Amino acid sequence: MIQTDDQMLLAQQCINNLITVLLEARKVHSLQDYMRMAEPILLEVQQREQEILEYLTGELEHPVAS
């Protein structure tokens, strides 16, 4: 569960790293092998993206003074 901006940025970096791995894997693996190895990685990407969305749509801990 993401609780800070720094954690959100780290999750975003992790997603980018996982996507880079998938892009490189597509170049060297057959479609069948790629799909088999990509499935758990894609699930991880989806989970982290969901956590980011939940963090960004959640209440601010320290609301901006108006």
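**Close-up views of a predicted two-helix chain**

**View 1. Glu44 and its surroundings.** Glu44 counts as partly exposed, at 27% relative accessibility. The model shown here is a predicted one. Glu44 lies in helix 2. A sequence-distant partner to look for is Cys14. Glu44 and Cys14 are 30 residues apart in sequence. In space, their C-alpha atoms are 9.7 Å apart. Glu44 also takes part in a salt bridge, with Arg48; View 6 returns to that pair.

**View 2. The whole chain.** The protein chain has 2 helices and 0 strands. It holds 66 residues, and buried residues make up 17% of them. The chain exposes about 5,600 Å². Carbon and sulfur atoms supply 56% of that exposed area. Now take the contacts between residues at least 6 apart in sequence: 62% of these join residues at least 24 apart.

**View 3. Helix 1, end to end.** Helix 1 covers residues 5-28, which is 24 residues. At 1.5 Å a residue, a helix of this length should span 34 Å. The C-alpha atoms at its ends are 36 Å apart, which agrees. Which residues of helix 1 are buried? They are Met8, Ala11, Ile15, Leu22 and Ala25. Helix 2 (31-57) is included in what covers these buried residues.

**View 4. Helix 2 and its kink.** Helix 2 has 27 residues and should span 39 Å at 1.5 Å a residue. Its end C-alpha atoms are 36 Å apart, which agrees with the expected span. Where does the kink in helix 2 lie? It lies at Ala38, shortly before the proline Pro40. The kink is about 40°. Ala38 is also one of the buried residues of this helix. The full set is Tyr34, Ala38, Ile41, Val45 and Ile52. These buried residues pack against helix 1.

**View 5. The nonpolar cores.** The largest nonpolar core has 6 residues. Its members are Ile2, Met8, Ala11, Ile15, Val45 and Ile52. Helix 1 and helix 2 are the elements that give two or more residues to this core. Helix 1 supplies the largest share, 3 residues. Zoom in on Val45, a core member from helix 2. Which residues does Val45 contact, leaving aside its neighbours within four places in sequence? Val45 is in contact with Ile15 and Leu18. Apart from the largest core lies another, of 5 residues. Among its members are Ala25, Tyr34, Ala38 and Ile41. Ala25 is a buried residue of helix 1, while Tyr34, Ala38 and Ile41 are buried residues of helix 2.

**View 6. Arg48 and Glu44.** How many salt bridges does the count come to? The count comes to 3. In one of them, Arg48 joins Glu44, with the closest N and O atoms 2.6 Å apart. Both residues sit in helix 2, 4 residues apart, so about one helical turn separates them. An α-helix has 3.6 residues a turn, so residues three or four places apart point the same way. Arg48 is partly exposed, with a relative accessible area of 24%. Glu44 is partly exposed too, at 27%.

**View 7. Asp33 and Arg36.** The side chains of Asp33 and Arg36 meet in a salt bridge. The N to O distance is 2.6 Å. Both residues lie in helix 2, 3 residues apart, about one turn of the helix. Are the two partners buried, partly exposed or exposed? Asp33 is partly exposed, with a relative accessible area of 33%. Arg36 has a relative accessible area of 52% and is exposed, because the cut-off for exposed is over 50%.

**View 8. Glu24 and Lys27.** This close-up turns to helix 1. The side chains of Glu24 and Lys27 form a salt bridge, 3.2 Å from N to O. The two residues are 3 apart in helix 1, about one turn of the helix. Glu24 is partly exposed, with a relative accessible area of 42%. Lys27 is exposed, with a relative accessible area of 62%. Ala25, another residue of helix 1, is buried.

Technical notes: Residues numbered from 1 in each chain as written. Predicted model: local features only at pLDDT ≥ 70, side-chain atom pairs only at ≥ 80, totals over all residues. Heavy atoms only, no water. Expected span 1.5 Å × (residues − 1). Buried < 20%, exposed > 50% of the residue type's maximum accessible area, 1.4 Å probe, protein only. Contact = heavy atoms within 4.5 Å. Salt bridge = Lys/Arg side-chain N within 4 Å of Asp/Glu carboxyl O. Areas by Shrake-Rupley, 256 points an atom, 1.4 Å probe, with all protein chains shown as cover. Bend = angle between axes of the 7 residues up to and from the residue. Core = buried A, V, L, I, M, F, W, Y, C linked by side-chain atoms within 4.5 Å.
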